Structures are given as structure tokens and as C-alpha cells.
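Good morning, colleagues. I should like to take you through one structure, beginning with a contact between two of its elements and ending with the chain as a whole.

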Amino acid sequence: MTTVGLPQVAGQAARESLGAGLSFLWLELTNRCNLKCVHCYTESGPQTGDRDLLTTDDYLSVMNQAYALGCRKMQFIGGEPQLNRDFHRLLAASKEIGFEFVEVFTNLTLLDEETVRFARSADIRFATSVYSDKPEAHQAITRNGSSHARTIKNLKRLIDSEVVTRAAVIQIDQETAEIESTKRFLADLGVRHIRGSRVRAFGRGEDVMSQPTRMSELCGHCWSGRLCVAPDGDAYPCVMARQWPVGNVLETPLARIVQGSALTEVRATIHDTVWLTKVSAGRPADGHAAEGQPDDDERPYGDEGEGEPTPAECPQSCVPDTVTPVCPQSCDPLPVVCDPTEPETEEERFLEE
């Protein structure tokens with residue numbers, strides 16, 4: 001992966017106070033995914049687990065360190081997070097540690113009853129992406145022939161179980177009418193939190209957009225107390241900001257990363273060159289819908305201002321809509337890791353489809 005240099009911005013003293021601390025943590029439980037979406041910023045797929053270096057104990061340590069730093073909101077993401085063999089243990093641990101807001105960002109092609117029951121009892125939230133109300137259009141993006149049926153089936157299960165779930169509709173090559181049709185489809189299913197966004201030039205998105213990665217593609221919100229920890233231990237200011245690493249939790253305590261000059265510099269640069277640029281130009285600080293961090297005051301689909309992000313409210317992408325300032329969800333689905341030496345499971349069969 002190419003590391004992109006940072007532009008120099010003046011005002012070092014002021015920069016050091018921007019977005020200080022840790023208020024929201026993305027924890028990527030694997031880089032594997034049973035889908036292979038054409039725009040995936042992590043370039044995940046069934047065979048992309050070579051960077052899965054963190055052990056369950058490592059993940060538990062990161063969560064405890066984050067909590068000790070005052071972080072109370074987190075999202076499990078991937079890859080497809082449910083592919084991590086200890087997904088249930090890590091999910092339960094997040095609440096035992098004391099996190100007040102916990103969300104799972106998943107493609108929802110996988111969902112067992114134990115997860116549904118625990119999510120309902122422990123107030124775990126879910127987020128997913130639906131690309132079209134038409135199965136063939138959705139599956140052209142996920143590159144999996146049964147993904148639409150499984151995602152919609154499990155989305156209904158969560159809604160019926162009263163598990164708070166949000167959905168993002170990411171515009172790749174769909175017409176605007178199809179995006180609106182998909183939002184209405186989701187609303188009819190009972191999904192109350194629906195956001196829209198566009199593909200970003202990160203990972204496979206570079207090919208989709210026919211342009212290289214650049215910092216201006218970020219939504220601009222990740223200067224404010226966010227941090228992503230990837231399966232290889234690398235830390236980034238945002239799930240999509242992988243060209244700007246700020247440390248590795250296998251080499252450095254989380255507190256030193258959060259308080260370090262590398263993260264301080266990247267956050268300040270994002271604030272100055274992305275956030276302020278959009279705000280001063282009168283443009284909404286948009287979000288990369290589908291991963292991320294929600295907001296408690298997010299308006300349900302159909303209310304005035306639906307889907308139009310502002311500097312204080314934006315789509316689901318990097319962060320859930322219940323976290324302030326409002327921001328989009330991250331990337332997409334959740335993973336489930338299987339041992340090839342064990343008997344074939346339902347999840348393994350999905351990976352082979």
C-alpha cells in the first residue's frame with residue numbers, strides 16, 4: 001500500500017488540540033469477506049486474510065486500552081466481522097468492558113440466532129449496505145449470486161427482533177431513480193435509518209472512479225477523535241484513510257498512538273484541508289456511507305432533510321448516526337473465520353459460492 005504524504009499546514013500549537021483523544025473506535029476483526037464488492041476500500045474477499053495478525057487477546061487488549069482512554073463508542077467491522085472465529089466472544093466483551101455504543105457493520109449474508117438474541121438483549125446495533133432493490137443489480141456489485149436474498153432476509157430478522165439497524169445505499173453506477181427506489185424498498189421493510197452516499201476512490205474504488213486515492217476523498221469528519229485498528233495492527237484516523245498510518249498496536253501502546261505526533265498531524269491536516277475546505281465553500285462535509293458511526297438524533301427516512309449531510313449531520317459510512325458529530329458508516333460487511341481443518345460449516349459454504 002502506498003503511503004501518501006501530508007501537505008504542510010501552519011499553526012502547530014492549534015493543530016495539536018484538534019480532535020484530541022479517542023471518542024470512537026473502529027475495530028476490524030478480519031480482512032476476509034465472503035463477498036468481493038467492486039468498490040471495497042479494504043479490497044476484501046474470501047482469500048484476503050493474509051493480514052489477519054491480531055489474536056483474540058490482542059483485540060481484547062485494544063478494547064481495554066481504548067476504554068481506559070475514555071472511548072465509549074465502537075464499531076466492529078471488516079472485511080466481514082462475523083468471519084472472525086471469536087466474533088461472539090469479542091462482541092460480548094465489548095459490553096462487559098463497558099462500551100455504551102457498540103455497532104456491527106456487516107454485509108448481513110451471515111447472521112446466527114445467538115448473535116440476534118445477544119444484540120437484542122445487550123443493545124448491540126447493526127449497519128449494512130444495500131446497493132439495489134433489484135437482486136441482479138445488487139449482486140453485480142457484491143459479485144455473489146445469493147447475497148441479495150440473504151442480506152434482505154437477515155435485515156428483516158433484525159428488524160423483527162427490534163435490533164436497531166441502519167442501511168446505506170451507495171451510488172456506484174446506479175441511476176438516481178434506482179437509489180430512491182432502493183431507499184423506499186428499505187423503508188417498506190421497516191428500516192428507519194437509511195442514508196445515501198457515493199463510492200470513494202479508496203481500494204478497489206480507485207478503479208471504479210478511475211482516479212488515484214487522495215485525502216480530499218475523505219468525508220472530513222475523521223479529524224475528531226476517531227481511530228481505526230486494522231487486523232494487522234495498523235492504526236489509521238479513519239477506515240478509509242489507509243494511506244496515512246499513524247502506528248501499530250502490536251508495536252506501540254494505544255495511548256502513545258492516540259497522543260502521538262503522527263495522528264495529531266494527520267487529524268489536523270484532514271481538518272484544515274478537507275473539513276474546512278468543504279465548510280468554507282458552503283458544501284456539506286459529506287460521508288462515505290456504509291460504515292461507521294451513527295447519531296442518536298438521526299432523522300428516520302422520509303423526514304425533512306433525508307439523506308442530506310451537513311457539517312453536523314452526514315450519511316452512514318465511517319461512523320454510526322448516533323455518534324456526534326454525525327458521520328457515515330465505513331465500508332460494508334462483517335466476516336466469519338473458519339478453520340479449513342474443521343468440518344465444513346454454513347459460513348464456509350458461503351465463502352465458496
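**A contact between two helices**

Four residues of H5, namely Pro135, His138, Gln139 and Thr142, meet Ser147, His148, Ala149 and Thr151 of H6. Sorted by character, the residues of this contact of H5 with H6 comprise two nonpolar, six polar and no charged. Please bear in mind throughout that the model is predicted.

How should the arrangement of such a pair be stated? Two packed helices are described by the angle between their axes together with the distance between those axes. Here, helix H5 spans residues 135-142 and helix H6 spans residues 147-160; their axes come within 8 Å and cross at roughly 105°. H5 is therefore roughly perpendicular to H6, since angles of 65 to 115 degrees are classed that way.

I turn now to a single residue, Phe87, which is placed in helix H3, residues 87-97. Is Phe87 buried or exposed? Its relative accessible area is 3%, so Phe87 counts as buried, the cut-off being under 20%. Leaving aside residues up to four places away in sequence, Phe87 touches Leu29, Pro81, Gln82, Val104 and Thr115. Between Phe87 and Thr56, 31 residues apart in sequence, the C-alpha to C-alpha distance is 9.0 Å.

Finally, the whole chain. Its secondary structure consists of eleven helices and nine strands. The chain has 353 residues, of which 59% count as buried. Among contacts with a separation of 6 or more, 75% join residues 24 or more positions apart. The accessible surface comes to about 13,600 Å², with 48% belonging to carbon and sulfur atoms.

Conventions. Residues are numbered from 1 along each chain as its sequence is written. This is a predicted model: local features need pLDDT of at least 70, side-chain atom pairs count only at pLDDT 80 or more; totals for chains, interfaces and linings use all residues. Side-chain values use heavy atoms; hydrogens and water are left out. Buried means under 20% relative accessible area, exposed over 50%, partly exposed in between (1.4 Å probe, protein chains only). Contact means heavy atoms within 4.5 Å. Accessible areas come from the Shrake-Rupley method with a 1.4 Å probe; for residues, only the protein chains shown count as cover. Axes are lines fitted to C-alpha atoms, for helices over the stretch in contact, and angles run from 0 to 180 degrees between N-to-C directions. Angles under 35 degrees count as roughly parallel, over 145 as roughly antiparallel, 65 to 115 as roughly perpendicular and the rest as oblique. Ala, Val, Leu, Ile, Met, Phe, Trp, Tyr, Cys and Pro count as nonpolar, Asp, Glu, Lys and Arg as charged, and the others, Gly among them, as polar.
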